[in-house]
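The following exercises are to be worked with the sequence and the 3D structure at hand. Each task is followed by a solution in steps.

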Amino acid sequence: MVEIKTPEQIAKMRAAGLVVAEALKACREAVVPGITTQELNDIADKVITDHGATSNFRAHHGGLWFPGVICASVNNEVVHGVPGDRVLQEGDFISIDCGAILDGWHGDAAISVAVGEVSPEVAMLSRVTEGSMWAGIAQMKKGNRLVDVSKAIEGYIRRQPLPPKGKWGITEGYGGHGIGTAMHMEPHVLNYVERGRGKGPKLIPGTVLAIEPMVSLGTPHTTVLEDDWTVVTNDGTWASHWEHSVAVTEQGPLVLTAFDGGREMLATLGVTAAPDPLA
């Protein structure tokens, strides 16, 4: 069943989302050639702790223990990269996924960051992936259905010009999810429309979803490495991952993990973001 939140509970999720936003901001600012993924993990850990929150990543997931407070996925790693002693080099590309729990409520978001200068194809990959996320978020409106979100994400990606040396691979088997009193809840949010799946649940006020497209410059197919966590593209092409936690409200979508609640980006799509309950 989909967990429906009250306005008061959404306000608590907004507080948790802002902790995640602060952690990702600190990580983004720290990404330079020479830093390790473990150092980025430690930066996020301090921000989460300083805000009185705890990590929802450093925990058991499906019987496996994840050792970090961020997922640090570099280059051909799509998602769930384990932070460690890997040193980021000029031209690398890293996706940083982070979550936090505050007062029992979860936040979850991800960004993709260039390490110095990246190739035009990789920069384009990041823009397309982020743009598809916002296209999906714009459909988080009362009366729509889950399939409208998936259709918007896929449609945005399919409409983009292909990169000179690749194509757009929408990662199969991974996607967004419900979030609230747990990090991963029903429903699963595909980043493409799957035949036979149906329209999915209706989006009503109080629905909160993590919208997170993952796109590569090649294949949609992936493999999990021997660490039982890190997901890589089968063909070695680089990938991007963007994510926000978003609430459906009577006044429109509220992006819980964006500092401005999503107001600026949604306005470019002709959508008015809901008022911030903590403003």
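A residue counts as buried under 20% relative accessible area, as exposed over 50%, and as partly exposed in between (1.4 Å probe, protein chains only). The model is predicted, so that local features need pLDDT of at least 70 and side-chain atom pairs count only at pLDDT 80 or more, while totals for chains, interfaces and linings use all residues. Residues are numbered from 1 along each chain as its sequence is written, and side-chain values use heavy atoms, with hydrogens and water left out.

**Exercise 1.** Determine whether Asn75 is buried or exposed, and describe its backbone.

Solution.
- Step 1: Locate Asn75 in the loop between β3 (70–74) and β4 (77–79); strands (E, at least two residues) and helices (H or I, at least four) are DSSP runs, numbered from the N terminus.
- Step 2: Asn75 is not a glycine, yet its phi is positive, about 60 degrees.
- Step 3: The relative accessibility of Asn75 is 8%, and therefore this residue counts as buried.

**Exercise 2.** Carry out the corresponding analysis for Asp228.

Solution.
- Step 1: The loop between β12 (222–224) and β13 (231–233) contains Asp228.
- Step 2: Although Asp228 is not a glycine, it has a positive phi of about 70 degrees.
- Step 3: With a relative accessible area of 47%, Asp228 is partly exposed.

**Exercise 3.** Classify the aromatic pair formed by Phe66 and Trp229.

Solution.
- Step 1: Rings of Phe, Tyr and Trp (its six-membered ring) pair if their centres lie within 6.5 Å; planes under 30 degrees apart are stacked, over 60 edge-to-face, and the rest tilted.
- Step 2: This rule yields a count of one aromatic pair.
- Step 3: The ring centres of Phe66 and Trp229 are 5.0 Å apart and the planes stand at 85 degrees, so the pair is edge-to-face.
- Step 4: Phe66 lies in the loop between β2 (64–65) and β3, and Trp229 in the loop between β12 and β13, so the pair ties together parts that are 163 residues apart in sequence.
- Step 5: Both Phe66 and Trp229 are buried.

**Exercise 4.** Describe the largest pocket and its lining.

Solution.
- Step 1: On a 1 Å grid over the protein atoms alone, a pocket is an open set of points where a 1.4 Å probe fits, with protein on both sides within 12 Å along at least five of seven lines; lining residues have an atom within 4 Å of a point.
- Step 2: The volume of the largest pocket is about 460 Å³, a volume being the space filled by probe spheres set on the points, which are joined across faces, edges and corners.
- Step 3: The lining has 26 residues, and His80, Tyr174, His177, Met183 and His184 lie nearest the centre.
- Step 4: β8 (176–178) and β9 (185–189) each supply at least two lining residues, and β9 gives the most, with four.
- Step 5: Strand β9 also contains Pro187, which is joined to Glu186 by a cis peptide bond with omega about 5 degrees.

**Exercise 5.** State how β15 and β16 are arranged.

Solution.
- Step 1: Two strands pair if DSSP finds at least two bridges between them.
- Step 2: β15 (residues 244–249) and β16 (residues 252–255) pair in the antiparallel sense over four bridges.
- Step 3: One of the bridges links Val246 with Val255 in β16.
- Step 4: The connection from β15 to β16 is a hairpin through two residues.
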